[in-house]
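These are my notebook entries on one chain. I wrote down what I looked up, item by item.

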Amino acid sequence: MSRLDLSRYFLPIAPKLAGVEAELQRILQSDVEVVQKLADHVRGGQGKRLRPALVMLSSRFCGAQGDDDVRFGAVFELIHTATLVHDDVIDHAQLRRGMPTLNRLWGNTLTVLFGDLLYLVAMDEAIACRSWRMMEILAQVTTRMTEGELIQNDVLFKLDTSRKDYFDIQERKTALLFSGCTETGAVLTGRSEADCLAMRGYGLEVGRAFQLIDDLLDYTATSAQLGKPAFSDLREGKLTLPMLTLLEKAPDEVRPLIRTIWDRGEEVPIPEVEEIKLRALIEKHDALAETRELATRASGNAVAHVTGVQGEPATGELLREIPEALLSRSM
């Protein structure tokens, strides 16, 4: 698998994305030394900025004027970063994008408080735009994301985790944030309810595809590609769709193996012999096929949603290409 390069899709919005970086630097500037220290570390490990890019692209597609899209791009990135910061504490993660996590360097207390701060400064920035609809979207997204985290932690290390649990977690923790990003363009331009729904649906399906591929990669990519140990989800007690599928197809072989891994503790890497056995079972029972199929279906659904909206043609073409491109990503 090759690493996904999104730079081609972001070229038309490069000045806007530079504006998001400047906005993040401004927002995260603090005269509180410890806050600045944590903020500098977070900004040094920046990701692909996919969520702000979706805000920019949807806004360009819908014909938004001004710089409110830049502000909301920064807001969505701050919310995303806050969830990652909290997730790393909950998961006892040591690496994020190949860098030491905040909790590894400064402990859980400071990290949780900093994550809380990121949520609050994001909301403060959003309020400044005086858009009640955007505030509703952000409140709904953050509420559902927290619900998703609660569901996930309620079913950790439980072999009876259901498919409903999995899809609830996926939608709340990932897909709804994407949907908020893409609905933003329609809201900022005062588009019809139908267009807002279509742009929201586009982001929701992109988020579903993104998470499905993410869950797939935990069983197919190397630790170097992921920037964290492979099979991390399983070690942390999370049963994602590939493993749920394998449990359905070969319960007698898989359940004892998973229990052995969990009993050993999530801090202990899976021994090579067990990793080889798991990969062999996954291949034998074709346990990744459904995840790939659902990701492909979600990608197609996303394209269908955006195709029904009138907008700037070149940007519309990019929005139609991105869901398919995400299917080929390796990290």
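**Entry 1: two loop residues**

In which loop is F157 found? I looked it up in the model, which is a predicted one. F157 is in the loop between α8 (132-154) and α9. I then read its backbone angle: phi of F157 is positive, about 60°, although the residue is not a glycine. I also checked accessibility, and F157 has a relative accessible area of 28%. That value is not under 20% and not over 50%, so F157 counts as partly exposed.

I looked up H92 next. H92 sits in the loop between α5 (68-91) and β1 (95-96). Its phi is near 55°, a positive value, and H92 is not a glycine. With a relative accessible area of 38%, H92 is partly exposed.

**Entry 2: the chain as a whole**

I stepped back to the whole chain. I noted 17 helices and two strands. The C-alpha atoms fill a box of roughly 60 × 50 × 30 Å along the principal axes.

Does the radius of gyration of the chain agree or disagree with that of a compact globule? For 331 residues, a compact globule would have a radius of gyration near 20 Å. The chain has 20 Å, so the two agree.

I also wrote down that buried residues make up 53% of the 331 residues. For contacts I took those between residues at least 6 apart in sequence, and 76% of them join residues at least 24 apart.

**Entry 3: salt bridges**

How many salt bridges does the count come to? I noted 29 salt bridges. I followed three of them by hand.

The side chains of R26 and E125 meet in a salt bridge, at 2.8 Å from N to O. R26 lies in helix α2 (residues 14-27) and E125 lies in helix α7 (residues 108-127), so this pair ties together parts that are 99 residues apart in sequence. I checked how open each partner is. R26 is partly exposed at 43% relative accessibility. E125 has 10%, which is under the 20% cut-off, so E125 counts as buried.

I moved on to E290 and R163. Their side chains form a salt bridge at 2.7 Å, N to O. Which parts does this pair tie together? E290 belongs to helix α16 (residues 289-307) and R163 to helix α9 (residues 163-188), so the bridge ties parts 127 residues apart in sequence. E290 is partly exposed at 25% relative accessibility, and R163 is partly exposed at 27%.

The third pair is R208 and E171, whose closest N and O atoms are 2.7 Å apart. R208 is in helix α10 (residues 193-220) and E171 is in helix α9, so the parts tied together are 37 residues apart in sequence. I found R208 partly exposed at 21% and E171 partly exposed at 27%.

I also noted a network: salt bridges that share partners join R144, E147, K164, D168 and R172.

**Entry 4: H305**

I looked up H305, which lies in helix α16. H305 is partly exposed, with a relative accessible area of 31%.

Which residues does H305 touch, not counting those up to four places away in sequence? I listed A198, G201, Y202 and E205. For E205 I also took the spacing: H305 and E205 are 100 residues apart in sequence, and their C-alpha atoms are 8.9 Å apart in space.

**Entry 5: a pair of helices**

Two packed helices are described by the angle between their axes and the distance between the axes. I looked up both values for helix α13 (residues 241-249) and helix α14 (residues 251-264). The two helices pack at an angle of about 130°, with their axes 6 Å apart. The angle is not over 145 degrees and lies outside 65 to 115, so α13 is oblique to α14.

Which residues make the contact? From α13 I wrote down M243, L246, L247, E248 and K249. From α14 I wrote down P251, V254, R255 and I258. I then sorted the residues of this contact by type: six are nonpolar, none are polar and three are charged.

Methods. Residues numbered from 1 in each chain as written. Predicted model: local features only at pLDDT ≥ 70, side-chain atom pairs only at ≥ 80, totals over all residues. Heavy atoms only, no water. Salt bridge = Lys/Arg side-chain N within 4 Å of Asp/Glu carboxyl O. Helix = DSSP H or I, 4+ residues; strand = E, 2+ residues; numbered from the N terminus. Buried < 20%, exposed > 50% of the residue type's maximum accessible area, 1.4 Å probe, protein only. Contact = heavy atoms within 4.5 Å. Axes fitted to C-alpha atoms, helices over the stretch in contact; angles between N-to-C directions. Parallel < 35°, antiparallel > 145°, perpendicular 65-115°, else oblique. Nonpolar A, V, L, I, M, F, W, Y, C, P; charged D, E, K, R; others polar. Rg over C-alpha atoms; globule rule 2.2 N^0.38 Å.
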